[in-house]
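Reader: Could you take me closely through one part of this model, with the cut-offs behind each term spelled out as you go?

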Amino acid sequence: MMVDIKKVTSLLQEVVGPNRVTDKKFDLIPYSRDLSPAAQKIPTHVVLPESREEIQTILKIANSHEIPVYIRGGGTSHWDAYLPQEPGIMLDMGRLNKVIEINTRDLVATVQPNCTWAKLDRELRKQGLTYLCSEAGGPAMTVGGSVMKAGGGPHSTAKFGFHGNQDIISLEMVLPNGDVVETGSAAWPSAGKFKRQCLGPDLAGMFIGAEGILGVCTELTLRVRPTTDISERLTATMKTLDDVIEFGHFINQHVGDEYMQGIYLWVAPTAPEVLFLMMDIFGYEQEIVDHRKKMIIAKINELGGEIGDRAPADDYFGRILTGLTDLFNTGVWHFFGAGSLRIDDITFLYRIWKEELIEKRGYTKAGFGGQILPRDWLAFMVTNYKEPEEWKELVKIAHEIDEITLNGPVVPYGIGGRDGLRSFVAERNTGYYRLLKTLKKTLDPKNILQRGIFIPEEELQ
Ligand SMILES: Cc1cc2nc3c(=O)[nH]c(=O)nc-3n(C[C@H](O)[C@H](O)[C@H](O)COP(=O)(O)OP(=O)(O)OC[C@H]3O[C@@H](n4cnc5c(N)ncnc54)[C@H](O)[C@@H]3O)c2cc1C
């Protein structure tokens, strides 16, 4: 269907006024790329809603004119997750960025979706609280963007898992038809927002990780916790990957998840045998943290690893929220074969990295990394590039490597559109995928929201 650009502009202007909508190419171009080699995709309009009600009306207009709507949070994802796969409206959620409430008694905070993690943490710390969990995407990444794609990072996910695993209490979502739904205890408005799982099925779980295809998130309530002044960090170099695996099992089985806030494994392409670990130990009392540290050091020594200088771990974990600018300065990030896998299966991904990427294809720029989450890994091969000519080669190799890894024990996350991992998911005709399609068709019969993201358009005919 052809979009009548001027007509839609005037309808959107009726909702948000003249200054928060544009159809001018000059304004649209900055929204046409994400942080990946994905092809440029220009929206027809960009609109900046300021309220749930405005989003409801925009979705109703989009439905009656059958125009796709795409949702951009902080815009730091890098797998074609919000770019307009078809001409359509881009919702820039940037104005919905407030901390709505911090409840110091129940230890929950309610935010608008485009509140950044950095802003939330700054406000929480004024009250002796923190969120702890965080990814490495820098100060622009938002709570809503992270939760909608179920992010998880090197910091704190060892203890708390992916965003949304345990900490999301309730979501407020605008469905593709403009209806509003609140999940968890918030579904019982007279009770308030304090519990995720109470009334019926866990509807928050249905939206977390869906990359916006089932609704626009307009509010999130999440668990927060007291800050701790105690900071113990370690680095270690392990001799073999088997030792790293044993150490991962030790953390999970023998001493318990609560020991570690973050573990980050990094292997540089120039030294594939050097397995470097950075660790952030968790605890509120010095004696407890000292005990944990002692146990961890003893295990590393028993495995023949070598404890190193703590400074790199301090630097890394200390700057995650405020911005690891050097990560950005090295160029655009691109991943090959990234995803979740069992602790023992890290050897599979490491082997593909070393044999298929470095030795067979001669791509010697990508490093290998991983974060131990409670009981599994989020692992990846990652490169940086600056020269646009590198794109094609990079995308081709990444596709080949993804083919191999996703046929193995790696579960992808961060699906996105046609320049992301969409085709790999669509290829698998599983009950999961069939149910997802049924949900999408039911909630969004005209396929308005995030058309072509996660599920190809033709799969919904
Ligand atoms: C250097 C670097 C390091 C990174 N490290 C990590 C890491 O350690 N772990 C990790 O998980 N990611 C990482 N990322 C990726 C990215 O930063 C995170 O995924 C981040 O959580 C995305 O947040 P965002 O606000 O930028 O979301 P966006 O990129 O804007 O959006 C992400 C997805 O959520 C959807 N969405 C956004 N807002 C809403 C809403 N209100 N309602 C419904 N859907 C919505 C979008 O359409 C899109 O599909 C990294 C990125 C970079 C550049």
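Author: What follows looks at one open sheet and the helices that lie across it. This is a predicted model, in which local features need pLDDT of at least 70 and side-chain atom pairs count only at pLDDT 80 or more, while totals for chains, interfaces and linings use all residues. Residues are numbered from 1 along each chain as its sequence is written.

The open sheet has five strands in the order E5-E6-E10-E8-E9, with antiparallel pairing; strands (E, at least two residues) and helices (H or I, at least four) are DSSP runs numbered from the N terminus, and two strands pair if DSSP finds at least two bridges between them. Strand E5 (99-103) and strand E9 (180-182) stand at the edges with a single partner strand each, so one side of each has no neighbour in the sheet. Strand E6 (residues 108-111) pairs with E10 in the antiparallel sense over four bridges, and Val111 stands opposite Leu220 in E10.

Helix H4 (residues 117-125) lies across E5 and E6, running at about 40° to E5, whereas H3 lies across strand E8 (168-174), E9 and E10, at about 45° to E8; axes are lines fitted to C-alpha atoms, for helices over the stretch in contact, and angles run from 0 to 180 degrees between N-to-C directions. Arg52 belongs to helix H3 (residues 52-65) and, leaving aside residues up to four places away in sequence, touches Val174, Val180 and Thr218, where contact means C-beta atoms, placed from the backbone, within 7 Å. Arg52 and Val174 are 122 residues apart in sequence, yet their C-alpha atoms are 7.4 Å apart in space.

Methods: Contact = placed C-beta atoms within 7 Å.
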